[in-house]
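Colleague: I would like to go through this model with you. Please tie each term to its definition.

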Number of protein chains: 2
Amino acid sequence: MMTASAGRYVALCGGVGGAKLADGLAQVLPPDALRLVVNVADDFSHLSLRISPDLDTVLYTLAGVAHGVQGWGRAAETWHVLDEVKRLGGPDWFLLGDKDIALHLLRRTMMEEGATLTAATRTLAQLLGVAVCILPVTDDDVRTMVETDAGVLPFQTYFVKLRCAPVARGCRFEGAQTARLSAQVEQALRDPALAGVIVCPSNPYLSIDPILAVGGLRAMLRDADVPVIAVSPIIGGEAIKGPAAKMMRELGLAPSARVTADYYGDFVDVTLIDEVDAALAKDDARLLVAKTLMRTREDRAGLARACIEAVEKIRKDRKDVLF
Amino acid sequence: MMTASAGRYVALCGGVGGAKLADGLAQVLPPDALRLVVNVADDFSHLSLRISPDLDTVLYTLAGVAHGVQGWGRAAETWHVLDEVKRLGGPDWFLLGDKDIALHLLRRTMMEEGATLTAATRTLAQLLGVAVCILPVTDDDVRTMVETDAGVLPFQTYFVKLRCAPVARGCRFEGAQTARLSAQVEQALRDPALAGVIVCPSNPYLSIDPILAVGGLRAMLRDADVPVIAVSPIIGGEAIKGPAAKMMRELGLAPSARVTADYYGDFVDVTLIDEVDAALAKDDARLLVAKTLMRTREDRAGLARACIEAVEKIRKDRKDVLF
């Protein structure tokens with residue numbers, strides 16, 4: 001069921017949680033009314049493959065081929081290549097299934113032939129039958145480095161190899177200062193038909209920050225004419241997946257849906273928080289209660305509708321003030 | 001069973017037939033007494049993998065993991081990556097199994113980290129438990145182009161994609177003029193302990209010529225002090241595998257074991273031909289009859305012993321003349 005919507009939406013997203021809301025938005029908006037701007041700072045080269053974890057999670061989720069539970073990779077995956085890599089003494093700490101490797105090989109092949117990451121992503125989306133526009137935030141290299149008590153670690157070392165065990169002190173995004181938004185992202189944000197921007201429930205420090213760090217995007221959103229809303233990845237003081245809550249604690253914060261709202265305070269108009277956190281919204285106009293936990297595909301569509309309604313309400317309120 | 005041998009041997013080889021004799025030599029010589037110099041002009045980049053068909057056939061054969069019948073690739077192979085590549089519309093004309101892809105990924109990773117093809121091959125041999133020294137003839141790029149009635153074709157296009165269907169007019173080896181023998185090959189050929197050089201029963205035009213074309217190797221063999229012998233890949237007027245006989249016909253020659261001997265005439269002392277071709281050897285001292293068809297591992301060892309005996313006989317005959 002499509003929601004009759006006034007305009008187009010841009011959604012910023014990382015991996016799992018972001019991909020779920022992206023799928024919800026794809027269910028309720030016409031394909032041309034949605035632009036997904038995806039984090040690329042987790043990307044890395046491994047086993048001579050070009051791996052883009054967040055782009056792939058979004059791609060697989062929208063194509064309906066994502067693994068239902070683990071939050072990365074594909075359903076009905078096999079592991080023959082990695083088994084042999086391991087047998088030959090190669091690195092096996094980063095799990096790469098056979099189907100996943102096929103996609104990485106195709107992406108690298110396209111990029112070696114001169115395609116940008118944006119163009120390669122478009123082609124892969126077409127091959128997987130995904131109509132929605134999935135845009136890497138930049139075609140330049142940005143790489144997340146996590147500052148921890150065990151030293152400054154490349155993202156995948158921290159996240160996968162060490163399973164987020166080291167205590168995080170902060171993140172830096174190498175290359176972000178010189179990286180430019182892709183022309184397609186720039187265009188999506190400056191689109192006169194843009195109705196609003198949605199920050200998906202991804203890790204604020206590891207997934208959203210490295211998007212915002214590119215090409216002055218955070219300042220652009222701060223100055224945006226359209227509503228910018230967010231969905232808290234924290235529900236009942238915990239993250240549904242990943243280290244967001246753990247990192248908040250390590251940064252000296254009590255994890256709560258309000259932390260996200262505060263963290264995005266300079267550019268987000270409203271943050272959707274879950275029903276279990278309704279008490280927080282009592283005397284805080286920046287917080288809006290919704291059903292944010294996405295267990296089913298219907299939950300995803302429901303949250304997407306709540307996001308669109310929140311944007312439309314802000315637009316209406318602003319109009320009421322103006323006229 | 002090791003043959004007590006006076007010195008070291010260098011064997012030049014391409015894929016299937018060459019690999020079989022290489023395995024025979026590896027059975028009868030101590031590991032340190034054998035250096036395999038392998039063709040790299042069939043190497044190519046495909047699906048962003050670095051593929052070295054002849055090196056891999058030799059590696060897999062010596063490791064005992066080669067496919068027993070098809071002449072390339074591995075035994076007990078699976079095809080999950082290629083199935084998905086195909087499903088996604090990628091190129092599937094070059095057959096790459098999952099285990100094979102694991103090796104290609106490891107090789108490319110090593111080479112991206114700065115390893116030469118020689119160093120990467122040594123590491124892969126160790127990982128596969130192969131003690132014999134397998135040397136790419138060069139670390140520089142040499143690429144076979146086949147001149148055909150359908151135009152000048154890259155080797156893999158001619159060999160795999162078009163299944164050798166076009167009529168061959170000749171071959172050229174791009175890069176051969178500037179390519180240098182690797183230091184390890186140079187050393188193997190100038191080794192004071194070198195007893196002899198064996199040209200394996202590989203395709204003279206497609207496998208041996210591009211080895212000989214590098215760094216003046218053909219002239220080096222012409223001037224060599226040690227015996228140089230060859231094994232004819234043609235038995236009873238036909239090649240056991242591949243297009244050698246077809247190419248001979250297209251080049252206007254009647255395929256026979258003598259064609260190989262003639263073709264190598266300037267640098268080979270003796271060519272071993274099969275028992276079925278014994279008549280050819282009657283009045284031709286350059287030809288020596290042996291059991292060259294290798295059906296079993298014992299056949300390979302037997303032919304290896306025949307090669308070593310042929311070298312030793314030439315050495316003895318020369319000594320007899322000198323003293």
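Colleague: What makes β6(B) and β7(B) a pair, and in which sense do they run?

Modeller: Two strands pair if DSSP finds at least two bridges between them. β6(B) and strand β7 (residues 151–154) of chain B have 4 bridges, in the antiparallel sense, so they count as paired under that definition. In β7(B), Leu153(B) is the bridge partner of Val146(B). The two strands form a hairpin with 2 residues between them.

Colleague: What are the ground rules here?

Modeller: This is a predicted model: local features need pLDDT of at least 70, side-chain atom pairs count only at pLDDT 80 or more, and totals for chains, interfaces and linings use all residues. Residues are numbered from 1 along each chain as its sequence is written, while chains are lettered from A and ligands numbered from 1 in the order in which they are written. Helices (H or I, at least four residues) and strands (E, at least two) are DSSP runs, numbered from the N terminus.

Colleague: Which strand of chain B do 6 bridges join to β6(B)?

Modeller: Strand β8 (residues 168–174) of chain B, running antiparallel to β6(B). There, Gly170(B) is the bridge partner of Glu147(B).

Colleague: Which side chains of β6(B) point to the buried face?

Modeller: Thr144(B), Val146(B) and Thr148(B) point to one face and are buried. Buried means 20 or more other C-beta atoms within 10 Å of the residue's own, with C-beta atoms placed from the backbone. Arg143(B), Met145(B) and Glu147(B) point to the other face and are not buried.

Colleague: Why are β7 and β8 of chain A called edge strands?

Modeller: Each pairs on one side only. The open sheet has 3 strands in the order β7-β6-β8 (chain A), with antiparallel pairing. The twist averages 25 degrees from one strand to the next. Angles run from 0 to 180 degrees between N-to-C directions, and axes are lines fitted to C-alpha atoms, for helices over the stretch in contact.

Colleague: How many residues of chain A are in contact with chain B?

Modeller: 21 residues of chain A, with 21 residues of chain B. Contact means C-beta atoms, placed from the backbone, within 7 Å. α4(A) gives the largest share of that side of chain A, 10 residues.

Colleague: What makes the relation of the two chains a two-fold axis?

Modeller: A turn of 180 degrees and a shift of 0.0 Å along the axis lay chain A on chain B, with an RMSD of 0.0 Å. The superposition is by least squares on C-alpha atoms of residues with pLDDT of at least 70 in both copies. That is therefore the relation of a two-fold axis. The same surface serves both copies: 100% of the contact residues of chain A recur in chain B.

Key
Two residues are in contact if their C-beta atoms, placed from the backbone, lie within 7 Å. A residue is buried if 20 or more other C-beta atoms lie within 10 Å of its own, exposed if 12 or fewer, and partly exposed in between; C-beta atoms are placed from the backbone.
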